[in-house]
Amino acid sequence: MVQEAPILFEKVDDHIGVITLNRPNTLNALCFDTLHQMKALFDQLSTDLDTRVLILTGAGKGFCAGADLKDALSDDSVWDEKRGPVQSDYLMQQAYANVASGLRKLPQPVIAAVNGVAAGAGFSLTLACDVRIAVPTAKFNCAFTSIGLGGGDVSSSYYLPKILGPSLAAELMYSGRFIEAEESLHQGLISRICEPNELMHSAVAMAKQFVNNTSPFGLRATKEVFNLSLEGLSLDQMLHIENRNQVLALQTSDFKNSVESWLNGEKFTYADK
Ligand code: T3D
């Protein structure tokens, strides 16, 4: 039987790429092979200047149910008698961590188009994206808590207090309870709710807005300051980075041409750059 690829990548136009988690029978649960393929794709995308915005979504009815629990205790690619449990589990944790940091460090803004449940590491993946939009039935939880692990995993303890504030983040991490789409919208976890047949259309429309309205350099520079701000740099440090980026942007033809267009009352788009 031909095995389907666990992740798919396609360009929807010259500048927008869609990554699809593709193990729908398990609600796109993550196994070692998926993690490796994701990391390899992120490495490739990190130097792909043509792809300016990415969308991350899931095939079928779920976004991602976190670690593949059916594989977790039997994945031969990780477990090795000689390595022993500590090193084998460390290898697995490192694979999750590499995906979490690889996703965040992508130079492209990433929109999570959350088409269903995002549990455990699946929730973490959405948190590492820049923007989250979701269907009305989407729900998110720290499923690690419910299966005897710590409530922070795959970078969730880094993002949740920053995105939701410490009180709600703590509640979700200690309880493992689901936060549903309506509450997620109210709490700022997601930017909008879209009907299932509108989800990808909305994600692509948002991605096109980024591509059309921001110069290629400006978009990457913005992602850079956004990431550094999440890391909690000081005001002075942020001002230095902003200044550096703007001095570089001021030298680009995109800056000169768009100001000229504005002065002439013309609409300028960066889509054909
Ligand atoms: O290993 C390490 O290094 C640790 C890393 C940990 C990171 C983590 O992510 S830990 C958290 C792991 N995930 C979970 O605990 C979630 C487990 N799944 C669920 O609680 C539920 O499935 C959901 C709430 C996500 C969805 O419920 P529902 O009712 O919509 O769907 P379902 O019927 O439970 O699942 C549909 C199918 O997907 C089903 O398969 P079947 O019976 O149709 O063949 C189910 O077994 C499968 N599935 C769901 N989650 C997983 C899974 N298969 C493997 N792994 C899963 N995590």
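Which residue has a backbone N or O atom 3.4 Å from an oxygen atom of the ligand? Here are some friendly notes to read beside the structure.

1. **Before you start.** This is a predicted model, where local features need pLDDT of at least 70 and side-chain atom pairs count only at pLDDT 80 or more, while totals for chains, interfaces and linings use all residues. Residues are numbered from 1 along each chain as its sequence is written, and side-chain values use heavy atoms, with hydrogens and water left out.

2. **Polar contacts with the ligand.** The residue asked about is Asn 25, whose backbone N or O atom lies 3.4 Å from a ligand oxygen. Two side chains also take part: an N or O atom of Lys 70 is 2.9 Å from an oxygen of the ligand, and one of Gln 93 is 2.6 Å from a ligand oxygen. A polar contact here is a pair of N or O atoms within 3.5 Å; within protein, one must be able to donate a hydrogen and the other to accept it, and residues adjacent in sequence count only if both atoms are side-chain atoms.

3. **The shell around the ligand.** There are 22 residues around the ligand, and Ala 65, Ala 67, Lys 70, Gln 93 and Ala 121 come nearest (a residue is near if one of its heavy atoms lies within 4 Å). Helices H2 (69-72), H3 (84-104) and H5 (143-146) each supply at least two shell residues, and H3 gives the largest share, with 3 residues. Helices are DSSP runs of H or I, at least four residues, and strands are runs of E, at least two, numbered from the N terminus.

4. **A look at Thr 26.** Find Thr 26 in the loop between strand S2 (16-21) and helix H1 (32-45). Thr 26 counts as partly exposed because its relative accessibility is 22% (buried means under 20% relative accessible area, exposed over 50%, partly exposed in between, with a 1.4 Å probe and protein chains only). The Thr 26 side chain reaches the backbone nitrogen of Ala 29 at 3.1 Å. Beyond its neighbours within four places in sequence, Thr 26 is in contact (heavy atoms within 4.5 Å) with Ala 65 and Asp 68. Gly 60 is 34 residues from Thr 26 in sequence, yet their C-alpha atoms are 9.7 Å apart in space.

5. **One residue to follow.** Try tracing Leu 56: not counting residues up to four places away in sequence, Leu 56 touches several residues, including Ile 19, Phe 63, Leu 103 and Cys 129.
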